[in-house]
Amino acid sequence: MRRAFFACISVGLIPLVILAAVTALVFGDKAGVLPDGLVGFMQFRPFMMAILGIVLGGWFSRGRVVYAMLVLAFCYWFFIGAPVVLSPEGVRFLRLATLYVVPVNLLLLSFMSERGVFRKRGIARLLFLALQFFALILFATRPDLANALYALLNTRFIELDGIANTIPQLAFLVSVPVVLVLLAKGRSLEFAFACTLPAVFAAELVETRYIPFGYLAAMGVVLGGVVQEAWRMAFVDDLTGLAGRRALGHALMELSGQYCIAMLDVDHFKKFNDSHGHDVGDIVLRKVARELSHVGGGGKAFRYGGEEFSILFSGRDMAKVYETLENLRKKIANSKITLPESTRQVGITVSIGLAQRPESETDPWAVLKEADGRLFCAKEAGRNRIFAG
């Protein structure tokens, strides 16, 4: 439960902070406590945020981010640009259509893999987006058709009181399962996509002055998702979900006082890969990583590279760490994995080298190197054991 809580916080913190900040700006403006310059030119800021998101999405080759920002930018134009060139009936239809266009497109993005921006599939996505908005604007140019579509999209099922009655009910029913699906994905970008929907709904319901705030919040949370995705790319290993070697380097720099470092290696991994294939090898690494993520004893696991892992125990002495690692070793040795397309099960074992920081040592990399040397000794001594010197 604790790990799940912190996982939710790590995924959702930035988008929720951005939503809260923009909401605070709205209330501050309504209360008249903000300087005029802070909200001046607000109607242009969502476009600036969209450009920033598109640049970052292109820089990190995140085509889904570019697509999402374009969706939001086009929908925002329906509010501030369309009234200049279209009839009131067409604008009313387009504004309501945003409550369907945004959730449906974000839902589709959540099931798409990253294919870059300027590759064939990335360009196909952009063409699909352009086709959607061309069709919407074409419908909006005909007031009779726009009125008919507005009536359809504004279908109501029950009569409510107060502000609740202003919420487009059919759009709300479409968005609720979309939000649930996005949250169920458990990834930072999908969480950001889910957070855009309350902001987009708010933009439709609030007075005209505050529409830019809604889209600023929506684009801001997607931008926050980009930042979290960039962090994940740099510090988290995709295969195992553990912190990667870059994160290990940062963690080593923060170590001080008493600590222990363990180096762990999957026994006979190359032979295992050669016999059963790389897909099975990946299953083994994920299985070991899952056990390492619950190592306990104050340990934090990292994927060092290949089939090798590191575990840092800050503020722990060797005796307590040894017991923790022995329990881990036994748990892995007693576990089995089932080979794909087969009922046959195979076992996994690991070898571990353990080193404690000497009082005279100030370089944690030297301690890690000592642990790596002891890992080699554990393998030389027969594997499936811990060597602590």
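Start by selecting phenylalanine 78: at 1% relative accessibility, this residue counts as buried. The model is a predicted one. Add tryptophan 77, which is partly exposed with a relative accessible area of 28%. The ring centres of tryptophan 77 and phenylalanine 78 are 6.1 Å apart; their planes stand at 65°, over the 60 degrees required, so the pair is edge-to-face.

**Aromatic residues**

How many aromatic pairs does a search of the whole structure find? The search finds 7. For another of these pairs, select tyrosine 76 and tyrosine 215. The centres of their rings are 5.5 Å apart and the planes make 40°, so this pair is tilted. Colour by secondary structure to see which parts of the chain the pair links: tyrosine 76 belongs to helix α4 (residues 63–80) and tyrosine 215 to helix α11 (residues 211–235), with the two positions 139 residues apart. Tyrosine 76 is buried at a relative accessible area of 0%, and tyrosine 215 is buried with a value of 0%. Now extend the selection to Phe47 and Phe79, which form one aromatic cluster with Tyr76 and Tyr215.

**Charges over rings**

Move to arginine 92, which lies over the face of tyrosine 150 at 3.9 Å from the ring centre. Then select arginine 245 and tyrosine 304: the charged end of the arginine sits over the tyrosine ring, 4.0 Å from its centre.

**The sheet**

Display the strands as a cartoon. In what order do the 5 strands of the open sheet run? The order is β2-β3-β1-β6-β7, and the pairing is mixed. At the edges are β2 (299–305) and β7, each of which pairs on one side only.

Select strand β6 (residues 350–356), where 6 of the 7 residues are buried. On one side, β6 pairs with strand β1 (residues 259–266) in the antiparallel sense, over 7 bridges. To locate this pairing, pick isoleucine 261, whose bridge partner in β6 is alanine 355. Strand β7 (residues 386–387) runs parallel to β6, and 2 bridges join them; here glycine 353 stands opposite phenylalanine 387.

Next, follow β1 to strand β3 (residues 308–314). These two strands run antiparallel and are joined by 7 bridges. Methionine 263 stands opposite serine 310 in β3.

**Helices on the sheet**

Show helix α12 (residues 245–254), which packs on the sheet and touches β1, β2 and β3. The direction of α12 makes about 130° with that of β2. Then show helix α16 (residues 364–380), which with β6 and β7 makes a left-handed β-α-β unit. Helix α16 lies across β1, β2, β3, β6 and β7, and runs at about 140° to β6.

**Last stop: serine 310**

Centre the view on serine 310 in strand β3. Is this residue buried or exposed? Serine 310 has a relative accessible area of 0%, under the 20% limit, so it is buried. Which residues is serine 310 in contact with, leaving aside its neighbours within four places in sequence? They are Leu248, Ala262, Met263, Lys300, Ala301, Phe302, Tyr304 and Leu368. Among these contacts, Met263 is the residue that stands opposite serine 310, and Tyr304 is the residue whose ring has the charged end of arginine 245 over it.

How values were computed. Residues numbered from 1 in each chain as written. Predicted model: local features only at pLDDT ≥ 70, side-chain atom pairs only at ≥ 80, totals over all residues. Heavy atoms only, no water. Phe/Tyr/Trp six-rings, centres within 6.5 Å; stacked < 30°, edge-to-face > 60°. Helix = DSSP H or I, 4+ residues; strand = E, 2+ residues; numbered from the N terminus. Buried < 20%, exposed > 50% of the residue type's maximum accessible area, 1.4 Å probe, protein only. Lys NZ or Arg CZ within 6 Å of the ring centre and 35° of its normal. Pairing = 2+ DSSP bridges. Right-handed = clockwise from strand over helix to strand, strands pointing away. Contact = heavy atoms within 4.5 Å. Axes fitted to C-alpha atoms, helices over the stretch in contact; angles between N-to-C directions.
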